[in-house]
Amino acid sequence: MVNKQQNSRNVVWHECCVKRADRNRLNNHGSGLLWFTGLSAAGKSTIAHNVEKVLFERGMRTYVLDGDNVRHGLNANLGFSPADRRENIRRIGEAARLMVDAGLIVLACFISPYREDREAVRRLFDGDTFVEIYVKCPVEECEQRDPKGQYRKARAGMIENYTGVSAPYEEPENPDLVIDTQALDVEQSVEKVIGFLSDRGLIAGRVL
Ligand SMILES: Nc1ncnc2c1ncn2[C@@H]1O[C@H](COP(=O)(O)OP(=O)(O)O)[C@@H](O)[C@H]1O
Ligand SMILES: [Mg+2]
């Protein structure tokens, strides 16, 4: 395993005896990364946490990586400039890769506004292991919802580089799934994700 960004010398990859496939067999389900992208207040966290609950209740090993929580710890030193946003997503992608290797179904909810950053995460994973879910909602509707009062602050100039207001959001060109949260309610949105995962064979216990 060679990382082109590797800075440290004399670091040699140590092959693990217990492989991801062994862990997947033990768990009786595959592991993978469900990447929820979309504007703030589009519904990423609401949907991801509800999907996790369904999977958890079916006996699957899961974990949600959520934007603000990660910025409290792992990425506490990063801001919202394009370079920091890129590094934020890169670290999350690498953390998720470890978690997928550990046998988990990881649900990541991050605005992740740049297409190239999301594609860089996708490239860390084989084939169907990475699933991009576009949580789609017009900015006007997100502003109406404004559950954290952040759009109001951004419009008042109190928050800089706010996605959809003063920073760009690049829509996915070819997402695996689109959830239109203006058209669907929370329950329908969760059902759509679960249905998609069933169709992919995840729920039946096959490898994602
Ligand atoms: N179909 C839907 N899916 C998810 N959330 C929805 C939906 N319709 C309305 N909402 C509301 O939109 C808000 C989404 O907030 P949140 O999940 O925190 O968004 P995000 O994580 O994308 O910033 C919540 O108040 C939720 O109740
Ligand atoms: Mg959220």
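A polar contact, as I use the term in these entries, is a pair of N or O atoms within 3.5 Å.

**Entry 1: ligand 1**

I am working with a predicted model, and I began with the surroundings of ligand 1. I looked up Ala41 and found one of its backbone N or O atoms 2.7 Å from an oxygen atom of ligand 1, which means that the pair falls within the 3.5 Å cut-off for a polar contact. I then turned to Ala42, where a backbone N or O atom lies 3.4 Å from an oxygen atom of the ligand. In the case of Lys44 the side chain is involved, with an N or O atom of that side chain 2.7 Å from an oxygen atom of ligand 1. I also looked up the cover on the ligand, and noted that the protein covers 78% of the 570 Å² of accessible area that ligand 1 has on its own.

How many residues surround ligand 1, and which are the closest? I count 16 around the ligand, with Ala41, Lys44, Ser45, Thr46 and Leu184 as the closest. By class, I recorded seven nonpolar, six polar and three charged residues in this shell. Two helices, α2 (44–57) and α8 (186–200), each supply at least two residues of the shell, and α2 gives the most, with four residues.

I looked up Gly43 as well, and placed this residue in the loop between β1 and α2. Gly43 counts as buried because its relative accessibility is 17%, and the cut-off for buried is under 20%. I also took the separation of the C-alpha atoms of Gly43 and Asp84, which is 23 Å for two residues 41 apart along the chain.

**Entry 2: salt bridges in helix α4**

My search of the whole structure for salt bridges finds 17. Side chains of opposite charge can pair when their charged atoms come close. I looked first at helix α4 (residues 82–101), where Glu87 and Arg90 lie three residues apart, about one turn of the helix. Their side chains meet in a salt bridge, at 2.9 Å from N to O. Are these two residues buried, exposed or partly exposed? Glu87 is partly exposed, with a relative accessible area of 21%, and Arg90 is also partly exposed, with a value of 32%.

I then found a second pair in helix α4, Arg97 and Glu94, also three residues apart and about one turn of the helix. The salt bridge between their side chains has an N to O distance of 3.0 Å. I noted relative accessible areas of 25% for Arg97 and 23% for Glu94, and both residues are therefore listed as partly exposed, the class between 20% and 50%.

In helix α4 I also looked up Ile92, which is buried, with a relative accessible area of 1%. The C-alpha atoms of Ile92 and Cys109 are separated by 10 Å, the two residues being 17 apart along the chain.

**Entry 3: Asp176 and Arg200**

I next looked up the salt bridge that Asp176 forms with Arg200, in which the closest N and O atoms are 3.3 Å apart. This pair links distant parts of the chain, since Asp176 sits in the loop between α7 (150–155) and β5 (177–180) while Arg200 belongs to helix α8, 24 residues apart. Asp176 counts as partly exposed at 25% relative accessibility, and Arg200 is likewise partly exposed, with a relative accessible area of 25%. I followed the connections further and found both residues in a network of salt bridges that links Arg118, Glu119, Arg122, Glu132, Asp176 and Arg200.

**Entry 4: strand β3**

How many residues of strand β3 (residues 105–109) are buried? I found five of its five residues buried, and the strand is described as mostly covered. In a regular strand the side chains alternate between the two faces of the sheet. In β3 both faces are covered, with Ile105, Leu107 and Cys109 buried on one side and Val106 and Ala108 buried on the other.

I then looked up the partners of β3. Strand β1 (residues 32–37) runs parallel to β3 and is joined to it by five bridges, with Gly32 opposite Ile105. Strand β2 (residues 62–66) also pairs with β3 in the parallel sense over five bridges, and here Val64 stands opposite Leu107.

Terms used:
Residues numbered from 1 in each chain as written. Chains lettered and ligands numbered in written order. Predicted model: local features only at pLDDT ≥ 70, side-chain atom pairs only at ≥ 80, totals over all residues. Heavy atoms only, no water. Near = heavy atom within 4 Å. Polar contact = N/O pair within 3.5 Å; in protein donor to acceptor, adjacent residues only side chain to side chain. Areas by Shrake-Rupley, 256 points an atom, 1.4 Å probe, with all protein chains shown as cover. Nonpolar A, V, L, I, M, F, W, Y, C, P; charged D, E, K, R; others polar. Salt bridge = Lys/Arg side-chain N within 4 Å of Asp/Glu carboxyl O. Buried < 20%, exposed > 50% of the residue type's maximum accessible area, 1.4 Å probe, protein only. Pairing = 2+ DSSP bridges.
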